[in-house]
Amino acid sequence: MPMIQTVNLTRRYGDVMALNNLNLEIEEGECFGFIGPNGAGKTTTIKILATLLKPTWGEARVGGLSVGPVNARQVRGMIGYVPDYFGSYEDMVVREYLEFFAAAYNIHGQRRQQVIDDVMALTDMAYKADAEVNTLSRGMQQRLSIARVLLHDPKVLLLDEPASGLDPRARIEIRELLKELHRMGKTILISSHILLELADFCSKIGIIERGQMIFMGSVREIVERARVGLVLNVAVAQRQVDAGELIRTLPGVVSVEAADGHLQVGLDPQRGDASLIAERLITGGFRLTRLEEEKVNLETAFMRLTKGLVQ
Ligand SMILES: Nc1ncnc2c1ncn2[C@@H]1O[C@H](COP(=O)(O)OP(=O)(O)O)[C@@H](O)[C@H]1O
Ligand SMILES: [Mg+2]
């Protein structure tokens with residue numbers, strides 16, 4: 001059973017189709033990167049999962065429970081939701097802020113102090129316990145928001161663009177904190193409009209455009225899927241031009257171009273592969289000095305994927 005699931009999730013705002021039959025599945029313990037441009041429907045999806053918005057059609061489930069009025073309380077106990085804004089509270093210091101929310105989660109007495117100390121230690125907020133929340137930097141406020149949703153030890157964290165508007169250092173700190181929470185076994189859904197920001201620590205990526213999931217899989221699958229063709233760099237000890245002519249007619253070879261001391265070979269991976277090229281060159285008497293696949297830039301892959309599948 002997936003920890004988070006949506007089935008044909010649809011939400012309209014008047015004429016605007018914010019979500020159009022969105023299907024997603026996130027297993028327990030997974031860190032899911034929810035990527036899409038502004039207006040794609042990320043916040044709408046997260047708010048529905050957080051019980052704050054009703055779908056027009058379709059269903060969202062958390063921990064196997066249908067998100068709706070009947071299960072709202074139970075679902076809220078399972079999730080920690082960090083919205084994309086920080087609500088400001090006048091004249092409240094960090095510890096009071098956490099006490100306020102702990103009380104709202106029915107955490108009382110000595111246990112409350114313990115829980116607050118624990119989340120402050122985990123999010124590295126202890127040295128700011130007496131600072132007014134309004135005076136905190138955006139990065140610090142973001143950490144405090146995360147501390148707040150950890151108070152009731154939820155299994156699932158829903159984070160809406162937690163890194164937006166942060167400086168590079170604060171971004172790294174948030175990222176380290178999320179990695180730690182992932183290691184602790186939390187199921188995490190985190191949204192962003194920048195794939196590269198999430199690629200290195202999310203175990204699964206979903207790409208949403210105009211309210212529809214256009215891709216769901218691992219980062220590696222994104223790269224593979226987006227690849228229109230492979231590029232191989234091939235070098236031989238001598239007679240490079242002849243070598244190029246020899247492999248040009250092999251199945252799957254779509255282009256051969258001379259580059260700086262080597263040949264760049266465009267290959268259709270459905271029809272040919274690198275071993276065919278190696279074999280032809282060696283049997284043709286060439287000494288192969290280099291044969292490698294060019295690394296595909298993740299950002300390029302992402303652009304290709306979104307351009308190719310939408311329109
Ligand atoms: N309260 C609202 N009223 C009308 N339209 C809305 C409202 N909230 C969001 N939308 C529209 O729904 C679409 C999806 O928005 P949203 O879920 O906020 O996307 P994202 O978080 O990916 O930027 C957008 O076209 C947005 O303009
Ligand atoms: Mg949003």
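**Exercise 1.** Which strand and which helix each supply at least two residues of the shell around ligand 1?

*Solution.* This is a predicted model, in which local features need pLDDT of at least 70, side-chain atom pairs count only at pLDDT 80 or more, and totals for chains, interfaces and linings use all residues. Residues are numbered from 1 along each chain as its sequence is written, while chains are lettered from A and ligands numbered from 1 in the order in which they are written.

Step 1. List the shell: ligand 1 is surrounded by Tyr13, Val16, Ala18, Gly36, Asn38, Gly39, Ala40, Gly41, Lys42, Thr43 and Thr44. A residue is near the ligand if its C-beta atom, placed from the backbone, lies within 6 Å of it.

Step 2. Match the list to DSSP runs (helices: H or I, at least four residues; strands: E, at least two; numbered from the N terminus). Strand S2 (16-26) and helix H1 (42-49) each meet the requirement. With three residues, H1 gives the most.

**Exercise 2.** Is Ala147 buried or exposed?

*Solution.* Step 1. Locate Ala147: helix H5 (residues 138-150) holds this residue.

Step 2. Apply the cut-offs: buried means 20 or more other C-beta atoms within 10 Å of the residue's own, exposed 12 or fewer, partly exposed in between, with C-beta atoms placed from the backbone. Ala147 counts as buried because it has 24 C-beta neighbours inside 10 Å.

Step 3. List its contacts (C-beta atoms, placed from the backbone, within 7 Å). Leaving out residues up to four places away in sequence, Ala147 touches Leu98, Val119, Met120, Thr123 and Met125.

Note on methods
Two residues are in contact if their C-beta atoms, placed from the backbone, lie within 7 Å.
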